[in-house]
Amino acid sequence: MSFDFDKAKVFVAGIASLVLSVGIARFAYTPMLPIMQTQAGLSQSAGAWLASINYIGYFLGVVLTASIHDIRLKDTCYRLGMVIAVLSTMLMASTSNIWLWGLLRFFAGISSSAGILMSSGLVLNWLINNNKASKLGWHFSGIGLGIMLAAIVATFVHQSIDWREMWLVYGITCALLLYPALMWLPKPTRQHSHKTTKEALGKTPSPLFLRMLRLGYFCAGVGFVVNATFIVAIVNHTLGNDSQGYLIFILLGAAAAPSPIIWDKISHRMGHLNALLLACLIQTMGILLVAFDSSLTTLLISAILFGNTFIAIVNIVMTMSGQYYPKNPAKMMAKVALSYSFAQVVAPIAVAVMASHGLGYTQGLYLAGIVMVIGTLCVFCLKQLEQNKGNIEVRTQQVENL
């Protein structure tokens with residue numbers, strides 16, 4: 001089998017966009033949070049509010065993505081989002097004003113929606129138009145690689161430079177990734193045309209199925225954002241060692257990077273809903289482990305379990321969206337992602353309110369764990385709905401054959 005250079009370049013562009021806009025512009029804040037608390041006087045409550053403002057930006061970016069129908073306009077917004085990701089990261093070093101930090105984190109959130117949704121839709125559009133397998137596992141590996149890169153930078157430089165210089169390092173890293181993210185993703189020339197076949201219509205889920213999927217995805221968003229945003233601060237506070245939090249974040253990113261590729265194969269063998277249920281169960285276990293035991297061993301196991309599943313859940317749900325709505329996969333991805341992104345707004349606000357009442361970030365894990373249990377039950381209900389639909393279709397086919 002010959003090497004597909006064009007496909008490789010498109011995937012590298014997508015990966016670079018996710019490392020740039022999600023791994024760094026969004027998740028560099030996680031290892032930076034305890035540093036800014038120590039060096040810049042950021043309080044626990046203010047730290048949680050900044051995280052929430054970032055996710056408000058992401059949520060509005062998702063709404064924008066869902067409202068855009070023209071693929072060329074989506075491409076333009078994607079490229080603008082990548083530039084915003086660089087600037088919003090680098091400019092964090094230019095001020096210590098909490099309101100300006102909030103504004104920059106807001107724009108960083110908007111840019112991360114361009115990385116997750118717009119780049120995913122553009123990559124998927126290119127794959128479909130060029131008759132390639134429409135699997136996004138390699139693409140979504142960029143999130144884990146970006147998290148790992150952000151944590152590695154923090155691990156090796158946080159003791160030798162201050163918080164301002166660290167944001168500059170992150171900004172320069174983003175700037176280096178801008179070239180492949182922009183130049184190696186071809187501009188779309190046309191919207192792929194799908195025939196609405198009987199088979200495609202048969203895959204369209206019921207309104208109840210969609211509502212349950214969005215509720216389960218909302219719960220997964222809560223579990224993800226609390227753990228991913230506050231894990232370094234939780235570990236540093238619990239263990240009293242400001243290096244171990246970064247090392248665990250590296251481990252989390254290392255577990256996350258290959259997970260979409262691994263779970264693509266698991267989904268192929270088990271089916272998407274079975275794989276989604278398994279991933280939710282594992283993520284719930286990873287969150288609850290830390291909530292009930294904060295030893296180093298437990299934290300390491302939790303990082304691996306959480307890292308291996310949170311991107312997998314996104315990848316599976318995005319892939320399902322594309323298969324259910326092949327005519328416009330990016331728009332359906334954005335609609336489903338609204339639930340996930342809304343969770344990322346309200347969960348940090350809840351943690352901020354808890355922190356303002358004397359509770360810590362660790363207590364937020366109890367909330368995340370409970371919500372993930374509910375989300376897992378939602379996915380179980382999805383399996384029952386799909387099974388019932390299959391039984392009805394079989395009986396209908398039997399009647400038609402009479």
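**Exercise 1. Find the helix that holds Tyr179, then decide whether Tyr179 is buried or exposed.**

Start with the helix: Tyr179 sits in α7, which covers residues 163-183. Keep in mind that you're looking at a predicted model.

Next, take the accessibility. Tyr179 has a relative accessibility of 53%. The cut-off for exposed is over 50%, so Tyr179 counts as exposed.

Finally, see what shares the surface with it. Tyr179 belongs to a nonpolar surface patch together with Val12, Met183 and Trp184. Together, these residues offer about 410 Å² of accessible area.

**Exercise 2. Work out which residues the salt bridges of this structure join into one network.**

Begin with the count: the structure has two salt bridges.

Step one is the bridge between the side chains of Asp75 and Arg79, with an N to O distance of 2.9 Å. Both residues are in helix α4 (residues 71-90), and since they're four residues apart, about one helical turn separates them.

Now check how covered they are. Buried means under 20% relative accessible area. Asp75 comes in at 2%, so Asp75 is buried. Arg79, at 13%, counts as buried too.

Step two is the other bridge: Asp75 also pairs with Lys187, and their closest N and O atoms are 3.5 Å apart. This pair ties together distant parts of the chain, with Asp75 in helix α4 and Lys187 in the loop between α7 and α8, 112 residues apart. Lys187 has a relative accessible area of 54%, so Lys187 is exposed.

Step three, put the pieces together: the bridges share partners, and Asp75, Arg79 and Lys187 end up in one network.

**Exercise 3. Say which element of the chain has the lowest mean pLDDT and which has the highest, then locate stretches where pLDDT stays under 50.**

Start with the whole chain: pLDDT averages 83, and 88% of the residues score at least 70.

Then go element by element. Helix α8 (residues 198-203) has the lowest mean, 46, while α7 has the highest, 95. That's the helix of Tyr179 from the opening exercise.

Last, look along the sequence. Over residues 192-202, pLDDT stays under 50, and the model gives this stretch nine contacts beyond four places in sequence. Residues 391-402 also stay under 50, and here the model has one contact beyond four places in sequence.

Technical notes
Residues are numbered from 1 along each chain as its sequence is written. This is a predicted model: local features need pLDDT of at least 70, side-chain atom pairs count only at pLDDT 80 or more; totals for chains, interfaces and linings use all residues. Side-chain values use heavy atoms; hydrogens and water are left out. Patches are made of residues with over 30% relative accessible area and no salt bridge: like charges are joined within 9 Å, nonpolar side chains (Val, Leu, Ile, Met, Phe, Trp, Tyr) within 5 Å. Accessible areas come from the Shrake-Rupley method with a 1.4 Å probe; for residues, only the protein chains shown count as cover. A salt bridge is a side-chain nitrogen of Lys or Arg within 4 Å of a carboxyl oxygen of Asp or Glu. Helices (H or I, at least four residues) and strands (E, at least two) are DSSP runs, numbered from the N terminus. Buried means under 20% relative accessible area, exposed over 50%, partly exposed in between (1.4 Å probe, protein chains only). pLDDT is the predictor's confidence in each residue, from 0 to 100. Contact means heavy atoms within 4.5 Å.
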